[in-house]
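Got the structure open and wondering where to begin? Let's walk through one part of it together, starting with the big picture and then zooming in.

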Amino acid sequence: MIKINKRSDRPIYKQIYDGFFQLIESGELKAGDSIPSERDLCEDLYISRMTLRAAINQLVRDGLLTRKHGSNTFVSATRIVKNALGFMSFSEEMHTRNMTAYSKVIALEERKADDSAASQLDMPSGAPVIYLERIRYANDEPIAFEKVHLPADRFPGLLEYDFNNQSLYEVLENNYNCIPVIAEEIIESIVFDENEAQLMGVLENSPALLVKRITRDEMGNSVEAVNTLYRGDRYQILLIRRRQEGKDNIEGM
């Protein structure tokens with residue numbers, strides 16, 4: 001189930017953490033599944049119980065596993081991990097995790113762009129935009145609350161599509177020859193207000209991740225401006241960055 005390499009520079013307990021992380025993310029281990037006992041894991045991996053517990057304790061702290069008194073250790077309700085190296089539609093992202101995705105449209109209408117949306121879409125304030133507001137579900141659980149603005153002149157007829165079940169990106173690509181390729185994102189840690197919490201089925205002031213995104217096509221033209229609120233208890237963002245070496249790469253030095 002989990003493989004470790006004792007010749008690797010990465011500590012053993014972190015390799016064990018990685019192994020469980022991958023099993024949970026892939027769906028091979030699902031919410032409510034129990035993991036093998038510490039004794040069995042130690043025997044299978046030829047490791048000490050102290051090393052194993054270091055990994056398990058970290059998985060529990062990160063909310064991936066949970067311990068029940070007098071019982072085994074179980075997989076917690078799944079946290080979806082968004083990889084910040086690239087981007088894909090919500091539907092595509094859930095498909096890669098073997099999860100069923102669908103949406104509940106709250107609003108789909110044409111309106112005038114306010115100053116914020118106009119600035120993000122590189123258009124005059126008051127220009128017509130398509131506004132799409134929907135709740136995104138994964139395996140029947142609300143995960144994200146999404147507000148999207150798109151330039152109406154570029155996508156005539158977009159109001160006719162059913163975005164409860166259709167992927168916005170698939171519609172843009174297949175029907176408008178528009179392929180989103182670049183995403184600029186800002187991530188903030190906030191809490192759900194009363195209305196948002198009610199829509200998402202969580203308590204008011206529950207933790208949330210606000211992702212503000214401007215998406216552009218291959219020509220650099222703005223395609224959409226999106227504000228998405230993700231549930232903080234169900235969503236994580238993985239950042240992998242490479243250190244820039246050399247003085248010439250350090251600004252302001």
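Start with the sheet: six strands sit side by side in the order 4-5-6-9-8-7, with antiparallel pairing, and the sheet is open. At the edges you'll find strand 4 (101-112) and strand 7 (180-191), each of which pairs on one side only. On average, neighbouring strands in this sheet are turned by 15° against each other, if you ignore direction. Keep in mind that this is a predicted model. As a bit of background, strands in a sheet pair through backbone hydrogen bonds, and they can do this in a parallel or an antiparallel way.

Now let's pick out strand 6, which covers residues 141-151. In the strand order, strand 6 sits between strands 5 and 9, so let's take those two neighbours in turn.

On one side is strand 5 (residues 128-138), which pairs with strand 6 in the antiparallel sense over 10 bridges. If you follow the chain from strand 5 to strand 6, you'll trace a hairpin with two residues between the strands. Asn139 is in that turn, and its phi is positive, at about 50°. To see the pairing up close, find Glu133, which stands opposite Lys147 of strand 6.

On the other side is strand 9 (residues 222-231), which runs antiparallel to strand 6 and is joined to it by six bridges. Lys147 turns up again here, with Asn227 as its bridge partner in strand 9. Phe145 has a bridge partner in strand 9 too, namely Leu229.

How covered is strand 6? Mostly: nine of its 11 residues are buried. Here's a general point to keep in mind while you look: in a regular strand, side chains alternate between the two faces of the sheet.

Let's finish with one residue of strand 6, Glu146. Is Glu146 buried or exposed? Its relative accessible area is 8%, and since buried means under 20%, Glu146 counts as buried. So what does Glu146 touch? Leaving out residues up to four places away in sequence, its contacts are Leu132, Glu133, Arg134, Arg136, Val226, Asn227 and Thr228. Two of these contacts deserve a second look. The side chains of Glu146 and Arg134 are joined by a polar contact of 2.8 Å, and the Glu146 side chain also makes a polar contact with the side chain of Arg136, at 3.2 Å.

Key: Residues are numbered from 1 along each chain as its sequence is written. This is a predicted model: local features need pLDDT of at least 70, side-chain atom pairs count only at pLDDT 80 or more; totals for chains, interfaces and linings use all residues. Side-chain values use heavy atoms; hydrogens and water are left out. Buried means under 20% relative accessible area, exposed over 50%, partly exposed in between (1.4 Å probe, protein chains only). Helices (H or I, at least four residues) and strands (E, at least two) are DSSP runs, numbered from the N terminus. Two strands pair if DSSP finds at least two bridges between them. Axes are lines fitted to C-alpha atoms, for helices over the stretch in contact, and angles run from 0 to 180 degrees between N-to-C directions. A polar contact is a pair of N or O atoms within 3.5 Å; within protein, one must be able to donate a hydrogen and the other to accept it, and residues adjacent in sequence count only if both atoms are side-chain atoms. Contact means heavy atoms within 4.5 Å.
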